[in-house]
Structures are given as structure tokens and as C-alpha cells.
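Biologist: I have the sequence and the model open. Let us go through them in short turns, question by question.

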Amino acid sequence: MGAPALEELREVCQPQAKMASRNGEHWAGRLYMRRISLRATRHLVRTPVTPDQLTWTMVVCGVASGAALMIPGLTGAILAVILMQLFLLFDCVDGEVARWKGQNSAAGIYVDRLGAYLADAALMAGAGYRAAESGVGGWLSVGIATALGVVLLKASTDLVDVARARRGLAVADDESTRPRSQGVATVRRIAAAFKIHRVTNGIEASLVLLVAAIADELTGGIDPTRWALGALAVITWVMVPAHLLSILSSSRLR
């Protein structure tokens, strides 16, 4: 059997409702990765590979991205970016293959979310090891603290679905994320305009750390990476209470 047409695949594997969702799709997916992933999916659907196998591959790439930062110099930073892009690719492909083959599972969704936690946390911890140079000391602690903050950000979002499910409510839509408080809504719009919160995600953070690694090479030191990690730590821990306030002041838990 030949490979399905791209348009046929797109209709099934990339439903408009998901692609249009503000919270359901990473900007890099909409910008370029979904075009790449659909071509990979076109060939994968003809193989025995399962969505769960692709999801586990995604997890490995994400964790390996953090481990790559333990390699000194530009090599480690470049490898971290490549692995994080592969993480994003497999994150797209596993769901597309699952939709085409009709093999969606609770286990697959669970591992997918677990992979997102592990990838972003591993990247921040890897950045801490890199900033510490020797792998010990205060900068490693900063990296681990940032990893914890990233996990808390993701958990606070996922726990909304847990709370709604236990209350017998449907999954929250985009409209319910809007804060009821005008003041909180204004602050949220300002933050969204600058998109600074995006650097807490592994895709963006890996690019920030690559730029810092290039600066390290130019300056002959490690200070740019340390400044970058410090900035990521501050942004993450400002976001943790801000995100919690945004959730509690919206209709997501009502």
C-alpha cells in the first residue's frame, strides 16, 4: 500500500480544533514542525511502529538534550538544541500516528506529559551543571531550582484538568482561561505581549542557552551562560506564583 496523500493525512492527523487552540499547540509546531512531522508521519503510518514507541523516543530525546549540556563548549549547546528539536518532532509525530491508526491510549497521554516534565527539567538541570563547570556548587543548585520551578508550572496547569475531572466537569476551553479580575487580565496581557514566559519551555530555553554558549566562546568564559541561567531562574520563579494567581482568578476551576 502506498503512502497516504498529505492532504488526507492533514485532515485526520492535524485537526483544525487542535491546531487553532491557543494552549494546544506550541508556536514552533504551527510555524514549521507540523510541516516536517506530517511528512515523517506519512512514512511511519506504513510501518509497525506504535505511537507509544514514538512517545518514548520523544522522552529519550528530551532528557538527552539536558545531558548534552554537560558537554563543554558549543558542541554541547548545539547538540542540546538538535535533540530538543527532535523532541518536538516526535511530540508531533506520536499524536499524528495515533490519530491515523486509531491507537490513542491513556498510557500514551501519560507518558507524553511525563516526557514534557522530564525534558524541560533535564535541560535546566543540565544548564546548572554547565554553569557550574565542575558540576558542583551554587550554579548546579540554581539549575535544579529552575528545573523544580518549571515542573511546578507544568503541574499547576495539568492539575486543572485533574481537578475538573474529579469534579465531573468537561475539559476547560480557551475562554475559561481569561482572568475574571480586570487587573490580573491586564497584567496577563502585558506579559503575553512580551512572550517572556516562553523561555521557561525547553525549546526556547535551549536556544537561549545556545546564544549564551556562543557568547561564552567569544568571551572565553562561562559568565554568559551563568547570566542566562540566572535570568531563566528568575523568570521561572516569578511565573510560578503569577501562573497560580492566573488560574485561581479565571473560570478554569469553576
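**Helices, core and charges**

Modeller: Start with a charged residue. Lys-154 is buried, with a relative accessible area of 15%. Keep in mind that the model is predicted.

Biologist: Which residue forms a salt bridge with Lys-154?

Modeller: Lys-154 lies in helix 7 and its partner in helix 6, so the pair ties together parts that are 34 residues apart in sequence. The partner counts as buried, at 5% relative accessibility. The closest N and O atoms are 3.1 Å apart, and the partner is Asp-120.

Biologist: Which side chain meets Arg-113 in a salt bridge?

Modeller: Arg-113 lies in helix 6 and its partner in helix 7, so this pair ties together parts that are 45 residues apart in sequence. Arg-113 counts as partly exposed, at 31% relative accessibility. The N to O distance is 3.1 Å, and the partner is Asp-158.

Biologist: Where do Arg-10 and Glu-7 lie?

Modeller: Their side chains meet in a salt bridge, 2.6 Å from N to O. Arg-10 is partly exposed at 29% relative accessible area, while Glu-7 counts as exposed at 56%. The two are 3 residues apart, about one turn of the helix, and both lie in helix 1 (residues 6-13).

Biologist: How many salt bridges does the structure hold?

Modeller: One of them joins Lys-154 and Asp-120. Another joins Arg-113 and Asp-158. The total for the structure is 5.

Biologist: Arg-164 is buried yet has no salt bridge; how far away is the nearest side chain of opposite charge?

Modeller: Arg-164 sits in helix 7 (residues 138-167). A salt bridge needs nitrogen and carboxyl oxygen within 4 Å. The nearest side chain of opposite charge to Arg-164 belongs to Asp-161, and its distance is 5.8 Å.

Biologist: Leaving out residues up to four places away in sequence, what does Arg-164 touch?

Modeller: Its contacts include Leu-169, Ala-170, Val-171 and Ala-172. They also include Ser-251, Arg-252, Leu-253 and Arg-254.

Biologist: Turn to the nonpolar core. Which helix supplies the largest share of the largest nonpolar core?

Modeller: This core has 41 residues, and Leu-123 and Leu-209 touch the most other members. Helix 3 (27-44), helix 4 (51-68), helix 5 (73-101), helix 6, helix 7, helix 9 (202-219) and helix 10 (223-248) each supply at least two of its residues. The largest share is 10 residues, and it comes from helix 5.

Biologist: Which residues does Leu-209 touch, not counting those up to four places away in sequence?

Modeller: Leu-209 touches Leu-123. These two touch the most other members of the core. The other contacts of Leu-209 are Leu-69, Ala-77, Ala-127, Ala-228 and Leu-232.

Biologist: Is Ala-119 buried or exposed?

Modeller: Ala-119 lies in helix 6 (residues 106-132). Not counting residues up to four places away in sequence, it touches Gly-62, Val-63, Met-84 and Phe-87. Buried means under 20% relative accessible area. Ala-119 has 0%, so it is buried.

Biologist: What separates the C-alpha atoms of Ala-119 and Met-84?

Modeller: Ala-119 touches Met-84. Along the chain the two are 35 residues apart. Their C-alpha atoms are separated by 8.1 Å.

Biologist: What is the disulfide count?

Modeller: Cys-13 is buried, with a relative accessible area of 0%. Cys-92 also counts as buried, at 4%. A disulfide needs two cysteine sulfur atoms within 2.5 Å. The count comes to 0.

Biologist: Which residues does UniProt list as "transmembrane region"?

Modeller: The listing comes from an unreviewed entry. In the model, residues 77-93 are 100% helix, with end C-alpha atoms 24 Å apart. Residues 138-157 are also 100% helix, with end C-alpha atoms 29 Å apart. The UniProt record lists 77-93, 138-157 and 227-248.

Biologist: How many helices and strands does the chain have?

Modeller: Every element in the run from the N terminus is α. Of the 254 residues, 43% are buried. Among contacts between residues at least 6 apart in sequence, 78% join residues at least 24 apart. The secondary structure comes to 10 helices and 0 strands.

Definitions and conventions: Residues numbered from 1 in each chain as written. Predicted model: local features only at pLDDT ≥ 70, side-chain atom pairs only at ≥ 80, totals over all residues. Heavy atoms only, no water. Helix = DSSP H or I, 4+ residues; strand = E, 2+ residues; numbered from the N terminus. Buried < 20%, exposed > 50% of the residue type's maximum accessible area, 1.4 Å probe, protein only. Lys, Arg positive; Asp, Glu negative; His and termini not counted. Contact = heavy atoms within 4.5 Å. Core = buried A, V, L, I, M, F, W, Y, C linked by side-chain atoms within 4.5 Å. UniProt positions renumbered as here; feature names shortened; annotations may be inferred.
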